[in-house]
Amino acid sequence: MAERFGGKYSPGGGTGDTSFDAAQRTKAGFRANLLFVAPCLLIIKAFFSEPVLLGQYLGAWAILMLAAWLTREGLKAQEAYDARKIAKRPAIPRKAFGSVLTGAGLGLAGFAGFGMPDGAIFALFGAGLHFFAFGPDPMRDKGAEGIDQMQSDRVARAVDEAEKHLSAMSEAIKRAREPQLERRVDAFQAAARKMFRTVENDPRDLVAAKRYMGVYLLGAKDATVRFADLYAQSKNQEARNDYVALLDDLETSFADRTQKL
């Protein structure tokens, strides 16, 4: 018998609006994905080369793949930074490391194929073009005008923690393998992020919103994990209905609280 996903983590009842007006296509898309595809040409080149060159080409491939991963993660971090009014700069300048590693990988490939002078040129132009294409990482903390640094730091930490819960929800619901449920989770997350932006606009609202951004989101994450594991195995429709009802309750409560704030 299915267990209803509710209880102490559900702040209220009602039926939420399932519209999702905050969805955006990530910038860490086509250009970043190309960085994973282009180095694969080096694998083909490697296996038609002598052993020393094979090692160099494979080493260049590995460096370029690491650069691609760092670049994609850097783009995601910048998106999160740009979306917030109050935010800490990324702790690691991933795009900068991506530029350096892109230059190193292309330099090694150029050295393997053409020698040291050409390798140096490849490295210089590769790093420069990468930096030009993807830009620098955010280098400064961002805060609202008229708000002291201590308040800004508290809000930034609260939003960071809340975003971790939302990310965990997104990862968990994928295990259910049902796009409609993924869109439903996206809609709830849009309502939650409206609250985040409201708190960032006026950090004094953090006290009233803290339970929502902490306890309720933690409960939503835990419920999503339990539901996804159950639904992936049994496709239990009662559990599905209960989970959607929980999201309705939470979305309505978040929207109401945001309106009051």
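This passage walks through a helix with a bend, a buried glutamate and a pocket in a predicted model.

Helix H8 is a good place to start. It runs over residues 206–234, and at 1.5 Å a residue its 29 residues should span 42 Å. The C-alpha atoms at its two ends turn out to be 40 Å apart, so the expected and modelled spans agree. That doesn't make H8 straight throughout: at Tyr216 the helix bends by about 30°. Just after H8 comes Lys235, and here phi is positive, with a value near 50°.

Next up is helix H7, which covers residues 179–201 and includes Glu200. Is Glu200 buried or exposed? Its relative accessibility is 0%, and since anything under 20% is classed as buried, Glu200 counts as buried. The Glu200 side chain has a polar partner, though: a contact of 2.8 Å links it to the side chain of Arg197.

Then there is the second largest pocket, with a volume of about 420 Å³. Its lining is made up of 21 residues, and those nearest the pocket centre are Ala38, Pro39, Leu42, Leu64 and Leu106. Which helices each supply at least two residues of this lining? They are H2 (40–46), H3 (51–83), H4 (94–114) and H5 (116–134). H4 gives the most, putting six residues into the lining. As for the chemistry of the pocket wall, 16 of the lining residues are nonpolar and four are polar, while just one is charged.

Methods:
Residues are numbered from 1 along each chain as its sequence is written. This is a predicted model: local features need pLDDT of at least 70, side-chain atom pairs count only at pLDDT 80 or more; totals for chains, interfaces and linings use all residues. Side-chain values use heavy atoms; hydrogens and water are left out. Helices (H or I, at least four residues) and strands (E, at least two) are DSSP runs, numbered from the N terminus. The expected span of a helix is 1.5 Å times one less than its number of residues. The bend at a residue is the angle between axes fitted to the seven residues ending there and the seven starting there. Buried means under 20% relative accessible area, exposed over 50%, partly exposed in between (1.4 Å probe, protein chains only). A polar contact is a pair of N or O atoms within 3.5 Å; within protein, one must be able to donate a hydrogen and the other to accept it, and residues adjacent in sequence count only if both atoms are side-chain atoms. On a 1 Å grid over the protein atoms alone, a cavity is a set of points where a 1.4 Å probe fits but cannot get out, and a pocket is an open set with protein on both sides within 12 Å along at least five of seven lines; lining residues have an atom within 4 Å of a point. Grid points are joined across faces, edges and corners, and a volume is the space filled by probe spheres set on the points. Ala, Val, Leu, Ile, Met, Phe, Trp, Tyr, Cys and Pro count as nonpolar, Asp, Glu, Lys and Arg as charged, and the others, Gly among them, as polar.
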